[in-house]
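Good morning, and thank you for making time for this item. I would ask you to look at the structure as I bring it up, and then to follow me through a few of its parts.

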Amino acid sequence: MTTPSTPGDSSLATSVYSLPAKSPTEAEQYKARAANWRFSTLCASVDTKDQYGASSTPIYQTATFKGVDGQYDYTRSGNPTRGGLENHLARLYGATQAFALSTGMTCLDTILRLVKPGETVLAGDDLYGGTNRLLTYLGTHGGVNVIHADTTRIEALRPYLQPGNKVKMVLLESPTNPLLKIADLQGISDEVKAASPNALIVVDNTMMSPYLQRPLELGADIVYDSGTKYLSGHHDLMAGIIAAKRTDVCKDIAFLINSVGSGLAPFDSFLLLRGVKTMSLRMDRQMATAQLVANYLDSLGFLVHYPGLKSHPKRDIHWKQATGAGAVLSFVTGDKALSERIVGGARLWGISVSFGAVNSLISMPCLMSHASISAAVRAERGLPENLIRLCVGIEDPRDLMDDLEHSLLSAGAITPNLSYSPLSHARSAELYATDPEAWILERAKGFKRPSDHASAIDKLVTGVKKGLGFTSATESERKTIEQDIVVSAPGKVILFGEHAVVHGVTAVASSVNLRCFAVQSPRSDGKVGLEVPDIGVELEWDISKLPWNLLPVHSNAHRHVADKDLDPALLQAVEGVVNAHVEVGKTGIGACVAFLYLYMVMAGGEADAPAVTFTAKSNLPISAGLGSSAAYSTCVASALLLAHSHITQPEHGQPRLSESDTNIVDGWAFLAEKVLHGNPSGIDNAVSVRGGAVAFTRSVGGRQGGLNGLHGFSSIRLLLTNTLVPRDTKSLVAGVSAKRLAEPHVVDPILDAIQSISDEASTLLSGQTRVERKELVGRLEALITENHGHLVNLGVSHPSLEMIVAATAAEPFGLATKLTGAGGGGCAVTLIPDDFPQSSLDSLITTLQAQGFQPHLTSVGGPGLGIHAQPSSSSRSSTRAAQKEDAIPNSEEGEGMVVPKRAGLREAGTEDLQAWSDRLGGWVHT
Ligand SMILES: Nc1ncnc2c1ncn2[C@@H]1O[C@H](COP(=O)(O)OP(=O)(O)O)[C@@H](O)[C@H]1O
Ligand SMILES: C[C@@](O)(CCOP(=O)(O)O)CC(=O)O
């Protein structure tokens, strides 16, 4: 057995990194057969020779191998799965040897170790951020002289090539990422070699893969690829490949990999080998679509970087050395905020760094993959901050175009071309099937980029269409918002007095630590959109087509104050608009109607209606009695009020929102609650808007209502248990009202009894009583049990709630529980005394879970409505600069990257919402 030891070990090339054990004749036979195969045949035909005849290379998931004279002894030095992959890749790269490592950056690290202190590395100036960072480190810590130049132009390299400069390595990329600049690989290699014979030409070939470009055939000494990209194609592994022709170079690389242990693990080697088999197939599809996308954007007048375009600089050189244009392209919109809107609005195009996988991606390199290069250096290297990079996958091109076009439209990057008459569906389908390039150009004709000066013909067509009752002529001028508006509001738990509160009885409630979060973002296509992924809502409406004619006429000059009552005719019309979407379920319909109703009433007319998308997501269980509707209503109300500047956008550092703004939001949130619940008391929105704990009395029949803060509430521990039984607040509230009408002699005494309970609870929780803690908790427990009994008599309990009451009351627990909220299912709340042992709590939780319920301990009394503050105008520029600097150190592939807020909210999992909002920071609460 030969273990690689020193670079000078001549046995190395034929030992652990050589072809697998097989007779030379077999290997030769394979080579002879494969000699004339084309690339895709080579990809799919792995030369496997396994002891059991396995037709796919097995995973040798082992660190060590038995015996002393076998071909393998230790996986760091060599492993049959990795060896099989490396042999296969060596053929694809046209290399003497190929090596599989853990990542593309490991490849670069390994290659750079061939440079000694005092020697020079010549590298490009449009490099992947990670490459740039490693080179900088080598310069400061490794004594290596790193020079950045435009490696795509030999003229830029010439001054550095004199022997005195000790150029050991020239790092090339073509096309570059993300500007797709082309380098003449053969020309540069020849000239570098002539001037600096010791220099190694290294090519990062990741943008092309060996399928499209084989730099070893163009004079390069070493080529490396991030195997994470096209080679694997599925974003399910990380890998890097080094391929080289010169045996001395191969030996050095093998030595380093063995010494460091950077070889790819067996399982990842297996996955990569599997991925490589379909590489050409995937890339053909990806490239064909990329070409369509590039043609589309190009014909609309965007500056597009893609070597498949006729106008691409040095296109002829690219096509001399490569057989395809790849599937990455980038384009300039001219406006960073516009680019953020485009990226934030895309759905099918995922927001992510990296490229080359089967699914399509969209990103802004300056905020993501290239964020580790400082803004100043990016500017110096001509990387526009508004650049959008598209990495095309294998999805149906029509779906990709639908999504991109929708996103461009809603962001205002394109507008419909009113003078264009679209093809019929049948003709368009036929064109797509027979001539996709003609199809895409035809598609692009339906749009144009907005310009300040619409052509005379456009103006004429607009006028005619408007006269005929078509969409508003002023879509591009329609009001929108300047920046994203971000808000959040909590749910609530009612401890005493639900239902009775509707009839004027006092209730005691507190906010909980679960919230609804919302982003309202600008759009420029004359539409208003609502996205509530929790309940499957993703809709948009033409603003001009909303039933504006039914808006009640307001004499009132204080338009920002909400109406007390709903307008039945408008409500019905809005319900009609929403009900037209048959795909939306009951929960979704309520959410849409509440939003659209507020949207229309607050605008007061079409002219003032802003083109926005409202996106909401919540970690509150919906319809479980924890006030998810109030949290949503509060978010809708505050976001719309901010869009109209009816309340003040807070600035960083402001301690809290003003009392008057708080009241305005509460009024509108109450109106939304009325849409959702018919006759709510207003307690849910009062708590959601203000947070904390309150005793709330609705003003009924001329009696004075009121709201008092309860400061002894927050120290109480509550267990909330969700029965998961769905119910409907509106009908439960209506049921109690009907019962009161039918049997006032039964219901009224119950209401009186609940009033006494709430009064006593308010006193106990006011924080000012002298009652001893233990006694206080004991009294509250008795009140809970009593209040639940009254709710049972009002007919709003449910067998599942009774199971929880019984389970928590049973020995050894002995706890008091009541339903909370509207009942009929939903949640129960259990008071956990201070001295209740943790072990008992754990066992109670297990018991409840075993019965199919979802218990969780909650903290109460947290903040109410929060609005994400804009930096104050004086500090705006410095804060931005600080944020950018903050993002630099950890902006790795994905980590710390800046995602448009709307997309960030949409993509965050329910569990991550709070963390997403904490990361945003800068919240100002009521
Ligand atoms: N996150 C949310 N996004 C959109 N709408 C919501 C959301 N949460 C609640 N809603 C609306 O509120 C209704 C639930 O209200 P309700 O039955 O009172 O339950 P809860 O006690 O959770 O407030 C839903 O049907 C839906 O229309
Ligand atoms: C039953 C009621 O008192 C509370 C309703 O709470 P929820 O919708 O179940 O979260 C109704 C109300 O106060 O509006």
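I shall speak about two helices, then the surroundings of a ligand, and finally an annotated domain. Please bear in mind that this is a predicted model.

Let us begin with helix α20, which runs over residues 586-603. At 1.5 Å a residue, its 18 residues should span 26 Å, and the end C-alpha atoms are indeed 26 Å apart, so expectation and model agree. Is this helix mostly covered or mostly uncovered? It is mostly covered, with 16 of the 18 residues buried. Just after α20 comes glycine 604, whose phi is positive, at about 75°.

The second helix is α22, residues 659-677. For its 19 residues we should expect a span of 27 Å; the end C-alpha atoms lie 26 Å apart, which agrees. Because 14 of its 19 residues are buried, α22 is largely enclosed by the rest of the structure. Glycine 678, just after this helix, also has a positive phi, here about 80°.

I turn now to ligand 2. Which of the 19 residues around it come nearest? They are Pro680, Ser681, Thr729, Gly821 and Ala822. Two elements, α23 (683-690) and α24 (729-742), each give two or more residues to this shell. By character, the shell comprises eight nonpolar, nine polar and two charged residues.

Finally, an unreviewed UniProt entry annotates residues 777-835 as "domain: GHMP kinase C-terminal". Over that stretch the chain is 47% helix and 17% strand, and its end C-alpha atoms are 10 Å apart.

Notes:
Residues are numbered from 1 along each chain as its sequence is written. Chains are lettered from A and ligands numbered from 1 in the order in which they are written. This is a predicted model: local features need pLDDT of at least 70, side-chain atom pairs count only at pLDDT 80 or more; totals for chains, interfaces and linings use all residues. Helices (H or I, at least four residues) and strands (E, at least two) are DSSP runs, numbered from the N terminus. The expected span of a helix is 1.5 Å times one less than its number of residues. A residue is buried if 20 or more other C-beta atoms lie within 10 Å of its own, exposed if 12 or fewer, and partly exposed in between; C-beta atoms are placed from the backbone. UniProt positions are given in the numbering used here, feature names are shortened, and annotations may be inferred rather than shown by experiment. A residue is near a molecule or strand if its C-beta atom, placed from the backbone, lies within 6 Å of it. Ala, Val, Leu, Ile, Met, Phe, Trp, Tyr, Cys and Pro count as nonpolar, Asp, Glu, Lys and Arg as charged, and the others, Gly among them, as polar.
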